[in-house]
Amino acid sequence: MEFLSIIICTILFLSVLLSYYLIQEKKKKQKHKAKLPPGSMGLPYVGETLQIYSDNPNVLFATKQKRYGDIFKTHILGCPCVMLASPEAAHFVLVSHAHLLKPTYPKSKETMIGPSALFFHEGAYHTCLRKLVQSSLSPGAIQKLIPDIEAIAISTLESCNNSQVVYIFREMKILSFEVGILSIFSQLESKYSTELKEQYCIVDKGYNSLATNLPGTAYQKALRARRRINQILREIISERKEKKFLDKGLLGHLLNFKNEEGQTLPEDQIADNIIGVLFAAQDTTASVLTWIFKYLHDDHKLLEAVTEEHMAIYKLSDGGKLPLTWVQTRNMPVTYKVILETLRMASIISYTFREAVVDIQYKGYLIPKGWKVMPLFRNIHHSPEFFSDPQKFNSSRFEVAPKPNTYMPFGNGVHACPGSELAKLEMLIVIHHLVTKLRWEVIGHSNAVEYCPFPVPQHGLPARFWEKP
Ligand SMILES: *[C@@H]1O[C@H](CO)[C@@H](O)[C@H](O)[C@H]1NC(C)=O
Ligand SMILES: *[C@@H]1O[C@H](CO)[C@@H](O)[C@H](O)[C@H]1NC(C)=O
């Protein structure tokens with residue numbers, strides 16, 4: 001009996017010793033292999049979330065970058081994460097090692113937009129949907145939209161032209177929604193577009209509110225509106241199938257798709273991707289357009305140069321009687337650089353999220369599996385190393401192409417924004433009609449910024465418009 005317990009004790013003792021030894025060895029190995037990046041993790045759980053949401057997050061990132069360098073760790077929303085602020089690191093994460101880092105979004109946002117929307121996915125499904133979205137936004141497809149985008153721009157600007165105070169961001173949100181509807185549906189009956197707009201506004205309000213299951217909250221209302229949108233889309237789809245009107249816009253591309261087995265896309269996948277595209281396009285484009293109004297307003301010389309470029313086109317098109325041509329929109333060099341510089345200055349997408357699917361090493365640092373990884377676009381766009389005098393708006397800097405991977409207003413790699421060309425076309429057209437027809441005065445001389453959630457000038461840039469003399 002005693003002999004048996006001695007043996008058991010010895011075995012136990014030895015196994016404890018062995019596991020202790022193995023753990024130490026493992027720790028040593030990890031130490032030798034790579035260490036975590038520098039940085040502070042803040043208070044546990046709350047981490048640095050409060051700081052991120054309390055004030056301009058970019059101040060926090062820039063301070064940390066100064067202190068720790070281009071790679072540092074922190075905690076956001078209960079997740080440990082590594083932030084990266086160099087062009088090479090952004091390329092590593094978004095392009096060369098994209099297969100090891102998956103896009104990641106909070107569950108509440110995924111539910112709201114729709115879990116089948118392409119930006120929540122990777123692999124074959126993502127590639128397939130991305131191709132469809134891309135082909136609906138190809139140069140060949142978007143140039144056909146020019147006359148309709150012009151009509152939308154003209155009618156928005158006409159509604160601004162009443163010498164009353166208008167909020168430019170609000171107007172630009174309406175405009176970019178209409179362009180979104182146009183590129184998705186081609187034509188859409190007004191009974192559908194009106195209701196879609198109403199329901200979408202409710203979703204939009206709930207999207208950035210606290211996700212709770214309590215009835216009566218903005219989030220709950222948004223979920224209900226989101227379900228109603230699915231119904232409206234179903235009605236539109238069945239009507240189009242009936243009328244065999246299936247060839248145009250993103251919806252046409254999605255409806256016509258058949259995989260190798262001849263199967264079409266299920267309707268909920270179609271709906272989620274349509275909402276996804278609307279979401280990705282609206283506030284982003286509207287924020288950038290609002291910044292363009294501000295930058296042009298604040299710099300008379302710049303406005304003069306841009307106006308001159310457009311007056312020349314305006315005269316050639318018989319005082320604006322002829323629609324703009326694709327070739328004309330490809331030949332607005334002064335304006336194009338203003339757009340590029342606005343995208344850099346405003347950097348409305350200041351960062352993006354990925355999640356490490358395995359342990360990753362980058363420049364001797366360990367990025368553990370499950371950690372979030374955030375390339376900081378804004379820090380790169382505002383680094384004096386790549387853009388001289390970075391806080392200054394100077395569109396001439398784009399006379400020379402930026403260094404590789406230093407300029408990513410639409411992201412990079414397989415998840416880069418497929419709508420970038422449409423967004424720029426929309427901006428060129430709005431600027432054309434703005435500077436040839438109207439002048440405007442911003443009310444108040446504030447340089448303050450608001451986050452809605454993208455940065456926009458304070459109060460959405462209140463202004464008054466008049467017809468040009
Ligand atoms: C602006 O408003 C004025 C006064 O109502 C009107 O005469 C003019 O045609 C409008 N111009 C544009 C471009 O909307
Ligand atoms: C704008 O940038 C260009 C090109 O980098 C430079 O030559 C010029 O001096 C800058 N202008 C101002 C006003 O800073």
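These are my notebook entries on a predicted model of a protein and two ligands.

**Entry 1: the whole protein**

I began with the overall make-up, and I found 18 helices and 12 strands in the protein. Of its 469 residues, 36% count as buried. I then looked up how far apart in sequence the contacting residues are: among contacts between residues at least 6 apart in sequence, 74% join residues at least 24 apart.

**Entry 2: helix H8**

I turned next to helix H8, which covers residues 146–160 and therefore has 15 residues by the count I looked up. From its first C-alpha to its last H8 reaches 21 Å, close to the 21 Å expected at 1.5 Å a residue. Which residues of H8 are buried? I noted Ile149, Ile152, Ala153, Thr156 and Cys160. Seen down the axis of H8, these buried residues fall within an arc of 95°, so they line one face of the helix. I reminded myself of the general rule here: an α-helix has 3.6 residues a turn, so residues three or four places apart point the same way. As for what lies against them, the buried residues of H8 pack against strand E4 (166–167), helix H9 (168–185), H18 and strand E12 (462–467).

**Entry 3: helix H14**

I made the same kind of notes for helix H14, residues 300–316, which has 17 residues and reaches 24 Å from its first C-alpha to its last, close to the 24 Å expected at 1.5 Å a residue. In H14 I found Leu302, Val306, Thr307, Glu309, His310 and Tyr314 to be buried. They cover an arc of only 160° around the axis, which puts them on the same side of H14. The face turned away from that buried side carries exposed residues, namely His300, Lys301, Glu304, Glu308, Met311, Ala312, Lys315 and Leu316. I also looked for what covers the buried residues of H14, and the list includes helix H13 (267–298), helix H16 (333–346) and H18.

**Entry 4: helix H12**

For helix H12, residues 249–256, I wrote down the buried residues as Gly249, Leu250, Leu251, His253 and Leu254. These pack against helix H6 (123–136), H9 and H13.

**Entry 5: positive phi angles**

I kept in mind that most residues other than glycine have a negative phi. Against that background I listed three residues.

- Aspartate 318, just after H14, takes a positive phi of about 60°.
- Serine 347 has a positive phi of about 30° although it is not a glycine, and its place is in the loop between H16 and strand E5 (354–356).
- Asparagine 405 has a positive phi of about 65°, and it is not a glycine either; this residue lies in the loop between H17 and H18.

Is serine 347 buried or exposed? I found 23 other C-beta atoms within 10 Å of serine 347, and because 20 or more are needed, it counts as buried. Asparagine 405 has 19 C-beta neighbours inside 10 Å, so it counts as partly exposed.

**Entry 6: cysteine 417**

I looked up Cys417 because the UniProt record, an unreviewed entry, places the feature "binding site" there. Cysteine 417 lies in the loop between helix H17 (377–381) and helix H18 (420–437). With 19 C-beta neighbours inside 10 Å, cysteine 417 counts as partly exposed. Leaving aside its neighbours within four places in sequence, I found cysteine 417 in contact with Ala280, Phe410 and Gly411.

**Entry 7: the two ligands**

Which residues surround ligand 1? I noted Glu158, Asn161, Lys437 and Glu467, and by class this shell has no nonpolar, one polar and three charged residues. Around ligand 2 I found Asp389, Lys392, Asn394, Ser396 and Arg397, a shell with no nonpolar, two polar and three charged residues.

**Entry 8: leucine 188**

My last entry concerns leucine 188, whose place is in the loop between H9 and helix H10 (190–207). Leucine 188 is partly exposed, with 17 other C-beta atoms within 10 Å. Not counting residues up to four places away in sequence, leucine 188 touches Ile181 and Ser193. I also looked up its distance to isoleucine 236: the two are 48 residues apart along the chain, and their C-alpha atoms are separated by 8.7 Å.

Definitions and conventions. Residues are numbered from 1 along each chain as its sequence is written. Chains are lettered from A and ligands numbered from 1 in the order in which they are written. This is a predicted model: local features need pLDDT of at least 70, side-chain atom pairs count only at pLDDT 80 or more; totals for chains, interfaces and linings use all residues. Helices (H or I, at least four residues) and strands (E, at least two) are DSSP runs, numbered from the N terminus. A residue is buried if 20 or more other C-beta atoms lie within 10 Å of its own, exposed if 12 or fewer, and partly exposed in between; C-beta atoms are placed from the backbone. Two residues are in contact if their C-beta atoms, placed from the backbone, lie within 7 Å. A residue is near a molecule or strand if its C-beta atom, placed from the backbone, lies within 6 Å of it. Ala, Val, Leu, Ile, Met, Phe, Trp, Tyr, Cys and Pro count as nonpolar, Asp, Glu, Lys and Arg as charged, and the others, Gly among them, as polar. The expected span of a helix is 1.5 Å times one less than its number of residues. The arc is that of the directions from the helix axis to the C-beta atoms.
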